[in-house]
Amino acid sequence: MEKSLTISYREYADCNSLAPDDRRLLDLAIAATDSAYAPYSHFRVGAALRLADGTTVCGSNQENAAYPSGLCAERTAIFAASAQRPDLRDYHTLAIVGRNPQGSLCQASPCGACRQVLLEYEQQQHHPLRLLCYLDGGRVRELHSVADLMPFAFEM
Ligand code: THU
């Protein structure tokens with residue numbers, strides 16, 4: 001039997017259409033691109049995670065000469081949050097922004113490994129983790145849940 005899956009997501013025409021809290025989170029993600037260590041790809045990524053209590057933790061990509069040893073911005077942010085606040089592993093929204101080698105903001109969407117990691121944290125809380133992904137041209141994509149990006153995921 002042939003089956004199909006659909007996801008729904010929202011797209012904002014520009015950052016100013018976001019709710020004020022989301023706009024602030026996106027601005028933190030934009031600022032976080034400045035802390036990227038990306039001497040190899042010259043592609044900087046910023047991530048800003050809002051926890052359930054309204055506090056935020058930021059991350060950026062950290063590269064290494066031994067390439068696989070580096071880490072994406074999304075995992076840097078959520079691992080930092082989990083390590084700093086093990087009492088509050090409850091995540092509301094993650095904003096993600098890319099900055100290309102020319103220095104312009106550009107789109108960023110979590111890679112497969114980040115999706116797997118984000119999903120596990122989402123599954124341990126009682127509500128979805130939203131994602132706000134900056135898109136080229138200043139648009140923003142809102143995904144309502146990490147699970148939407150990771151159908152048929154590995155689980156134990
Ligand atoms: N990168 C991220 O930080 N997040 C993603 O979701 C995809 C890629 C980083 C990894 C590497 O430092 C650079 O972007 C180029 O791939």
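Which residues surround the ligand? In this predicted model, the ligand is surrounded by S41, F43, V45, N61, E63, C72, A73, E74, S109, P110 and C111. By class, this shell comprises six nonpolar, three polar and two charged residues. The charged members are E63 and E74, while S41, N61 and S109 make up the polar group.

Polar contacts to oxygen atoms of the ligand involve side chains as well as the backbone. A polar side-chain atom of E63 is placed 2.5 Å from a ligand oxygen, and for E74 the corresponding distance from a polar side-chain atom to an oxygen atom of the ligand is 2.7 Å. At A73 the contact is made through the backbone, with an N or O atom 2.9 Å from an oxygen atom of the ligand. The ligand taken alone exposes 370 Å², of which the protein buries 73%.

The site coincides with a pocket: the ligand sits in the largest pocket, whose volume is about 150 Å³. The lining of this pocket consists of F43, V45, N61, E63, L71, C72, A73, E74, A108, S109 and C111. Seven of these lining residues are nonpolar, two are polar and two are charged. E63, A73 and E74, which supply the contacts described above, are among the residues that line the largest pocket. L71 and A108 belong to the pocket lining but are not listed in the shell around the ligand. Conversely, S41 and P110 are part of that shell and are absent from the lining of the largest pocket.

How values were computed: Residues numbered from 1 in each chain as written. Predicted model: local features only at pLDDT ≥ 70, side-chain atom pairs only at ≥ 80, totals over all residues. Heavy atoms only, no water. Near = heavy atom within 4 Å. Polar contact = N/O pair within 3.5 Å; in protein donor to acceptor, adjacent residues only side chain to side chain. Areas by Shrake-Rupley, 256 points an atom, 1.4 Å probe, with all protein chains shown as cover. 1 Å grid on protein atoms, 1.4 Å probe; cavity = no way out; pocket = protein on both sides within 12 Å on 5 of 7 lines; lining within 4 Å. Sits in = over half its atoms within 2 Å of the grid points. Points joined across faces, edges and corners; volume = space filled by probe spheres on them.
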